[in-house]
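Here is a short briefing on one protein structure. Look over the sequence and the structure first, then read the points below.

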Amino acid sequence: MEPFSDQFMEFHPIHGTNVRLDHSGTQATRVESFANGVCFSKHPLNPGEIFLIEIEDKELGWCGHLRIGLTARDPRNLDVVPEYSIPDLTDLGDSWVFAITRNHNKIREDSGVQEEEEGLAGGHRLGRGLAEDEADDEADRGRRVNTMSKTFFTDTHLYIENVRIPRDKLVGRSRPGRFSHILDDLYKTNALPPTARRSRIGVLYVPKGQGQADMHIVINGEDMGASARAIPTIQPLYAVVDVFAATKCVRIVQVEYGFSSLQTLCRKAIQKHIVHRMAIDWLELPEALKHYCKYE
């Protein structure tokens with residue numbers, strides 16, 4: 001299943017008091033403090049449609065990172081945008097938010113029963129704590145990295161049950177430099193922390209029938225599993241992005257589900273015939289096109 005149309009993703013003009021959007025509405029920066037960075041998608045998401053962001057900048061000195069999820073609350077109907085997505089927004093109900101950590105964001109299958117029993121329809125914190133992160137087995141992460149490296153270069157799409165998402169934009173890319181090809185491979189295998197600069201994190205919901213859906217988080221092309229189950233889909237669901245603490249700035253990455261645009265086809269053709277992204281600088285191309293080929 002794929003969304004039927006490619007809608008241009010933007011942030012909602014209603015957001016936290018410390019957020020500043022750029023002129024395109026696709027970049028959100030927290031200009032001060034560590035809170036009041038809650039943002040929403042401008043439009044509700046379609047079933048299986050991913051809201052994908054890239055971490056543009058970070059700020060040292062804060063504890064905590066990006067939070068992402070879904071809400072059935074229309075931002076226009078909020079009396080005030082909550083200071084925090086967790087717990088302020090989730091305590092309002094009908095919101096499901098996941099706290100991204102440096103390690104171990106994968107959801108275990110056996111945790112789903114416990115989450116449903118806790119009544120997720122009211123909205124709860126879904127991210128795990130630091131102590132649980134440190135207790136996880138690193139061997140499992142190593143096996144996942146090996147699996148990712150074998151399949152990433154051959155699979156053109158990410159499949160989450162009946163949802164099919166093009167992989168082209170799902171994985172972060174480093175800034176061009178001497179060792180950028182090494183960093184790019186680390187992003188592709190999810191070896192870097194998901195909270196690192198250039199990491200790409202997305203949220204979507206997968207319909208399960210009977211007016212319910214599961215929320216999935218995707219980090220650098222890897223599905224983290226169902227982080228919330230049995231979410232009611234009677235009301236429209238908006239993406240929630242909390243530019244929190246160490247996460248300073250994020251931008252939306254547009255995902256193309258249908259036929260690729262001419263711009264995308266040109267980028268793919270150029271990238272296919274170069275050894276390294278730095279070689280793009282040697283080509284006789286407009287600077288705007290060079291920039292697009294290097295950073296997308």
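Ala245 is buried, because its relative accessibility of 0% is under the 20% cut-off. The model is a predicted one. Ala245 lies in the loop between strand E12 (238–242) and strand E13 (247–253). Its phi is positive, about 55 degrees, although Ala245 is not a glycine.

**Backbone exceptions**

- Most residues other than glycine have a negative phi, and most peptide bonds are trans.
- Ala230 also goes against the phi rule: it is not a glycine, yet its phi is positive, at about 55 degrees.
- Ala230 sits within a strand, namely E11 (residues 222–232).
- Ala230 is partly exposed, because its relative accessibility of 28% falls between the 20% and 50% cut-offs.
- The peptide bond from Ile86 to Pro87 is cis, and its omega is near 10 degrees.
- Pro87 belongs to helix H1, which covers residues 85–91.

**Cysteines**

- How many disulfides does a search of the whole structure find? The search finds 0.
- Cys39 is in no disulfide. The nearest cysteine sulfur belongs to Cys249 and is 9.9 Å away. A disulfide needs the two sulfur atoms within 2.5 Å, so this pair does not count as one.
- Is Cys39 buried or exposed? Cys39 is buried, because its relative accessibility is 1% and the cut-off is under 20%.
- Cys63 is exposed, because its relative accessible area of 76% is over the 50% cut-off.

**The open sheet**

- An open sheet is formed by 4 strands. Their order is E3-E12-E5-E6, and the pairing is antiparallel.
- Which strands are at the edges? Strand E3 (38–40) and strand E6 (95–99) are the edge strands, and each pairs on one side only.
- From one strand to the next, the twist averages 20 degrees.
- Strand E5 (residues 67–71) and E6 run antiparallel and are joined by 5 bridges.
- Within that pairing, Leu70 has Trp96 of E6 as its bridge partner.

**Points to locate in the view**

- For the backbone, find the cis bond from Ile86 to Pro87, then the positive phi of Ala230 and that of Ala245.
- For the cysteines, set buried Cys39 beside exposed Cys63.
- For the sheet, begin at edge strand E3 and finish at edge strand E6.

Technical notes. Residues numbered from 1 in each chain as written. Predicted model: local features only at pLDDT ≥ 70, side-chain atom pairs only at ≥ 80, totals over all residues. Heavy atoms only, no water. Buried < 20%, exposed > 50% of the residue type's maximum accessible area, 1.4 Å probe, protein only. Pairing = 2+ DSSP bridges. Helix = DSSP H or I, 4+ residues; strand = E, 2+ residues; numbered from the N terminus. Axes fitted to C-alpha atoms, helices over the stretch in contact; angles between N-to-C directions.
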